[in-house]
Amino acid sequence: MHQPVVVLSNNDGCIISRSNEAKALGIKMGEPLFKAKSIIKKYQVKVLSSNYPLYADMSERVMKVLATFTDQQEIYSIDECFLNMSGQKDLLGRGFMIKKRLSEWLGMPVCVGIGPTKVLAKFANHCAKKQPCWDGVFSKDQFLDDHLHQLMASVAVGEIWGIGRRLAQQLVRMGIHSVLDLKQANPNHMKQYFSVNMERIVLELNGVKCFELETQFKARKEIIASRSFGRSVVCYNEIVEAITTFVTRAARKARQQSTLCGSISVFIRSSPFNAKEKFYANSGTLSLKPMTNNSALILKSALMILPTIYKPGVRYSKCGVILSDLVDIDAVQNDLWTVSSTEKEVLSQVIDHINDRFDKTSLRIATQPVKPLWGMKQSLKSQSYTTAWDQLLVAH
């Protein structure tokens, strides 16, 4: 079945992901849903709301399968990772094995790019994705230099990993239009004109390894939890519900990476796109002493900030929290006068364990609603087949 499919952004506003079939119909990335309605109706395009818990769970499953192929893995993003396959034979065959296993075990279509450096591996992945003749797997070593250079000459320089839109425009003005042009550029000259990072990209295109695999998990120094509301909010208690939800989510992430939080910021704002109403935005920050990752303690400070920034009568469209000054839990020096918080830590661990096993809202703070009125619009969301007991796939 080759039905065209699109996925929508928060509150079902814009198209942020498209299947190849949807792209072929001319549906544009970032296009508002209402502008594509005629095409969607004419060609019976399947439209889905974003389903973040499902995406995160499937990503974790994919990364675990990929980890079986090597003991050196860098999880680069929710849908990308690098594997060090040094010493293994028949890398092209291994690439097809990866593709087959993810398809059979998880029903997940992927493209595999193989190269001696990260930049060349990303280029190979681009070829595997954009050119059907490679059947989803492309290895740089398949081809002689002349053939590879022909391919590089046909790919715009902006497609290279690490080259953003503005950099691409600067390179084009210098006469560097393709991947091959960049490969043949002088590394020292590129360093002087741009940065050491550009020099490394050029060297990596020439097979010189500059970007090492980052296999060690790096804890985030800041955690942000926020969402735009599904409808405008004027009620203070609903803002409290949202802040509670976001604090709970952010604190959980802090615990997952074994860090303690040193400060909490809260921000609220109205819609900047409503020309009929005056825009309002405000924020506040408090230090946390002692440092903590306990949801209840962080929420207490967040709800001290909220009254100082809340303005009655404003139609709010978004709010959120930021946990800053995050420090590894083992690196924090205990305060001589602070009473041990072991019981609170144990309670948080128990709550996390129960919510992991059953549902993320099985145990929650009283001001955190299960189905908030202000919640994000997701009227077209697919089932959370792998993350919610009540949405498991049923076979008849």
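Strand β10, which covers residues 281-292, contains P290, and in this predicted model the peptide bond that joins K289 and P290 is cis, with omega about 0°. Most peptide bonds are trans, and most residues other than glycine have a negative phi.

Two further places in the backbone belong beside this one, and the table sets them out together.

| Residue | Phi | Loop | Relative accessible area |
|---|---|---|---|
| Q44 | about 55° | between α2 (37-42) and β3 (46-48) | 61% |
| D90 | near 50° | between β5 (80-83) and α4 (91-106) | 57% |

Q44 has a positive phi although it is not a glycine, and D90, likewise a residue other than glycine, also has a positive value. Because exposed means over 50% relative accessible area, Q44 with its 61% counts as exposed, and D90 with its 57% counts as exposed too.

A loop residue can also be buried, and S178 gives an example. S178 is placed in the loop between α7 (165-173) and α8 (179-183), and its relative accessibility is 7%, which is under the 20% cut-off, so that S178 counts as buried. When neighbours within four places in sequence are left aside, the contacts of S178 are with M152, A153, V155, A156 and V157.

For the chain as a whole, 38% of the 396 residues count as buried, and the elements found along the chain are 13 helices and 12 strands. The C-alpha trace spans about 65 × 60 × 55 Å along its principal axes. Among the contacts in the chain with a separation of 6 or more, 63% are between residues 24 or more positions apart.

The largest nonpolar core has 33 residues, and the members that touch the most other members are I239, I243, I264, I268, V321 and L323. At least two residues of this core are supplied by each of β8 (223-233), α11 (236-256), β9 (259-270), α12 (295-309) and β11 (316-324), and α11 gives the largest share, with nine residues. V321, taken without counting residues up to four places away in sequence, touches I223, I224, A225, I243, F246, V247, A250, I264, S265, V266 and F267. Another core lies apart from this one and consists of 32 residues, among them A128, F143, L151 and A185.

The packing of two helices completes the picture. Two packed helices are described by the angle between their axes and the distance between the axes. Helix α5 (residues 118-130) packs with helix α10 (residues 196-205) at an angle of about 65°, and their axes are 7 Å apart. Because angles of 65 to 115 degrees count as roughly perpendicular, α5 and α10 are described as roughly perpendicular to each other, and their crossing is right-handed. In this contact K118, V119 and L120 in α5 meet I201, E204 and L205 in α10, and the residues of the contact divide into four nonpolar, no polar and two charged.

How values were computed. Residues are numbered from 1 along each chain as its sequence is written. This is a predicted model: local features need pLDDT of at least 70, side-chain atom pairs count only at pLDDT 80 or more; totals for chains, interfaces and linings use all residues. Side-chain values use heavy atoms; hydrogens and water are left out. Axes are lines fitted to C-alpha atoms, for helices over the stretch in contact, and angles run from 0 to 180 degrees between N-to-C directions. Helices (H or I, at least four residues) and strands (E, at least two) are DSSP runs, numbered from the N terminus. Angles under 35 degrees count as roughly parallel, over 145 as roughly antiparallel, 65 to 115 as roughly perpendicular and the rest as oblique. A crossing is left-handed if the near helix is turned anticlockwise from the far one by less than a right angle, and right-handed if clockwise. Contact means heavy atoms within 4.5 Å. Ala, Val, Leu, Ile, Met, Phe, Trp, Tyr, Cys and Pro count as nonpolar, Asp, Glu, Lys and Arg as charged, and the others, Gly among them, as polar. A nonpolar core is a set of buried Ala, Val, Leu, Ile, Met, Phe, Trp, Tyr and Cys residues joined through side-chain atoms within 4.5 Å. Buried means under 20% relative accessible area, exposed over 50%, partly exposed in between (1.4 Å probe, protein chains only).
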